[in-house]
Structure formats: C-alpha cells, structure tokens
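Colleague: Please set out how the parts of this model meet and what surrounds its ligand. I should like each reply to end on the value or name requested.

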Amino acid sequence: MASKKICVFPGDGIGPEVVREGLSVLRVIEQAAGKRMFETEEELLGGASYDVHGVPMSRNALALARASDAVLLGAVGGPRWDPLPFAVRPERALLGLRKELGLFANLRPAVVFAPLLDASPLRRELVEGIDLMVVRELTGGIYFGEPRGVSFINGVETGINTEIYTRPEIERVARVAFELSRKRSRRVTSVDKSNVLEATELWRKVVSEVGAKEYPDVALSHMLVDNCAMQLIRNPRQFDVVVTTNLFGDILTDEASMITGSIGMLPSASIGGKVGMYEPIHGSAPDIAGKGVANPLATILSVAMMLKYSFDMPAEAARIEKAVERVLADGYRTGDIYREGEGKKVGTTEMGDRVRHAVLNQYQKR
Ligand code: IPM
Ligand code: MG
C-alpha cells in the first residue's frame, strides 16, 4: 500500500494539543506494522492563519487539502478573532473547506462508553448502550443560502439568511444515511421542520421517496426538530441513524454529545468528496487552551474514523476504539469527564500516552 497523505490543520485554541495526540496514535500503528504508512503535512488554518496571512484559509492550505488523501483538523476560532469582519473569521475557513472539498455529509456518532455511564448528566438507565449516528447535511441549507447579509432595506437595518435545499442535495445525503443504516439496524429518523418551513417540507418528501424507492428494507420515520430535541433527552435509545439539515444537525449533535458525558468525546467525519475530513466536534475551547488539560479522545476517535472511512483500515480503527474503552475502564479521565473520587485525573498528553499503550498492547496480544 502506498503511504497515505494526511493534511493536518491543528488550527486554534486546544486544536494543536489534541491533534498532536491524534497523530501520535497513528505513529504507534505504524510502529506496530513496522512500516511508514502515513505522510503528514501541516498548514495554518483559522485564526492562526489569519494572524500570519491575513486570511483564515490560504490558497496553499486549500491546495494541500485537495492534494491529500484525508484532512485532520483540530478546531478553529476564539474570542481574539470574534471582532473581525465576517469574511475573514476563522469559522469561514471551516465552512470554506467543507464547501470546496464537497463534503456534503457529516457523520457524528454519539456512543456511550460503558465506563462513562455516570459521566452523563442523564440517568444511567437512559444512556446505557447508546450508539447513534447523526448524518448532518454539511454544504447546503441556511449556512450557505443566498440572499444573506445585513443591510438597510427601506431604511431599516435587516439581517437575512436563506434556508434552501434542492432535490439532488437532499437525495445524496439521504442515501448516505440509508447506506449507513444498512450496516446498523436499518432504522433512519429524518428530522425537519416541515410544519413551518417549506424547504424542509421538500426535505421530508424527498427523503421519503428515496427511502421507498431505493431502501424499502430500511424503516424510515420522520420527526420534527423540536420534538427530536426533546426525545434525545427523554429516550435517546429510540434513535439509530438520524439524518437532518445543516443547522438542525449542528444543534442536535451538540445536544447528543452530552448524552455521552462530554462534548470532548465526540469525533466526526465529513465525506462526500474525494478527500474526507476528520475533526472533533468540540470547538477550540479557548478557556483551557495551552493548559494541557483538554480531552484528546474526540480527536483520537476522529483518527479512527479516518482509518475506517478514508483508508479502509477498519481493523486498525477498531483497535483505537477498543484502546479508548480500555483506558476509560482503567479509570483515566481528563477534567471534562472526571468526577470527584472516581478514577485518576490526567492531562492531554498522559491520556494520549495511555491510549497509545493500549493500542500497542492489542498488537502484542495477537
Ligand atoms: C460545528 C461548528 C461549526 C458549525 C462552526 C464552528 C462554524 O459548530 O462543526 O458544529 O456550525 O458547523
Ligand atoms: Mg456545532
């Protein structure tokens, strides 16, 4: 196998700290295999890029991403850059990458690791065994719709955004969700606001048609987004694959992350183009940046998703996931998942080290 080229964007805030741990886990896999498998190249992105280049995503950064087999991204943004004009905010880099790389489907799994059952704010009996997958549409909807902007209309200051979906955009993301569900329990919940928003009335219609025509073996149900927000807390186990719009997916996945105990645990994969992008769903967490206390597990699990979805290395991915479970079972906790008197509180690097040991152990056991 030719070595895989990974474009690395550590980004801002805790991004560089957690990305370092994720990459070190890849190095351990190479070590076990006894050969070089991954080539990595780094570029600035987000605020870090703005500070140096005056733009959140340089042409070089985009070119590097395009020429890679996969992208690993830490996080972008921070209060330092919030006052900047909209067009050069760090977040624009992230949205630009998604659009430029054609990453229309964002997979955000929420899995509860058994050792963390008590870290969830929900009762143990509600979260036990949770394993759901949100498929968020990522390159359309109100995030990208035109017209947009703030201007004076008839002398009145007015802010506009536009929710817009075309049939092909809905069909392709629906197919991703249906295909995934076939590898799981063949249940899909499509989430919309079809009682109020016409764009999502179309969403519901198209998802239903794709389901009926191409995936009659999958049980499809529909749910309004406000109800879904409530059901995720009331009875999260009813969900398997959830497919929804860009904005609703953004909101519901932050909510779903708390079922698992911490947003510091959730990885993501953005797919649909030639190059997949992998990132933890947490942000740059400027309040704890540079302190060495951030939870690297979401990034490490994102690396596992990269192995699975971009590099067709499911066995290696499973080893990483198992290693994370092992380390949690052994009681190691970063601050976000630590509870007084339970387990051992560790920092970012030690958590990474523990996972690396656990990965290596699995190779040695064979
Ligand atoms: C996410 C983030 C981004 C989004 C921001 C940083 C632009 O919240 O990936 O969920 O809204 O998509
Ligand atoms: Mg978000």
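The exchange below takes up the domains, their interface, the ligand and the backbone.

Modeller: This is a predicted model, in which local features need pLDDT of at least 70 and side-chain atom pairs count only at pLDDT 80 or more, while totals for chains, interfaces and linings use all residues. Residues are numbered from 1 along each chain as its sequence is written, chains are lettered from A and ligands numbered from 1 in the order in which they are written, and side-chain values use heavy atoms, with hydrogens and water left out.

Colleague: How far apart do the C-alpha centres of domain 1 and domain 2 lie?

Modeller: The bounds come from an automatic or database domain assignment. Domain 1 comprises 1-104 + 272-366, and domain 2 comprises 105-265. The distance between their C-alpha centres is 23 Å.

Colleague: Which three residues supply 32% of the area that domain 1 buries against domain 2?

Modeller: Buried area is the accessible area (1.4 Å probe) that two parts lose on being put together, summed over both. For the two domains it comes to about 2,400 Å², with 66% on carbon and sulfur atoms. On the side of domain 1, the three residues that supply more than any other three are Arg98, Phe104 and Ile281.

Colleague: How many residue pairs are in polar contact across the interface of domain 1 and domain 2?

Modeller: Salt bridges (a side-chain nitrogen of Lys or Arg within 4 Å of a carboxyl oxygen of Asp or Glu) number zero between the domains. A polar contact is a pair of N or O atoms within 3.5 Å; within protein, one must be able to donate a hydrogen and the other to accept it, and residues adjacent in sequence count only if both atoms are side-chain atoms. With both residues at pLDDT 80 or more, the number of such pairs across the interface is eight.

Colleague: Which residue has a polar side-chain atom 2.7 Å from an oxygen atom of ligand 1?

Modeller: The residues around ligand 1 (a heavy atom within 4 Å) include Glu91, Leu94, Arg136 and Asp250. An oxygen atom of the ligand lies 2.8 Å from a polar side-chain atom of Arg136, and one lies 2.9 Å from a side-chain N or O atom of Asp250. The 2.7 Å distance belongs to Arg98.

Colleague: Which residue follows Glu146 across a cis peptide bond?

Modeller: The omega of this bond is near 0°. The residue after Glu146 is Pro147.
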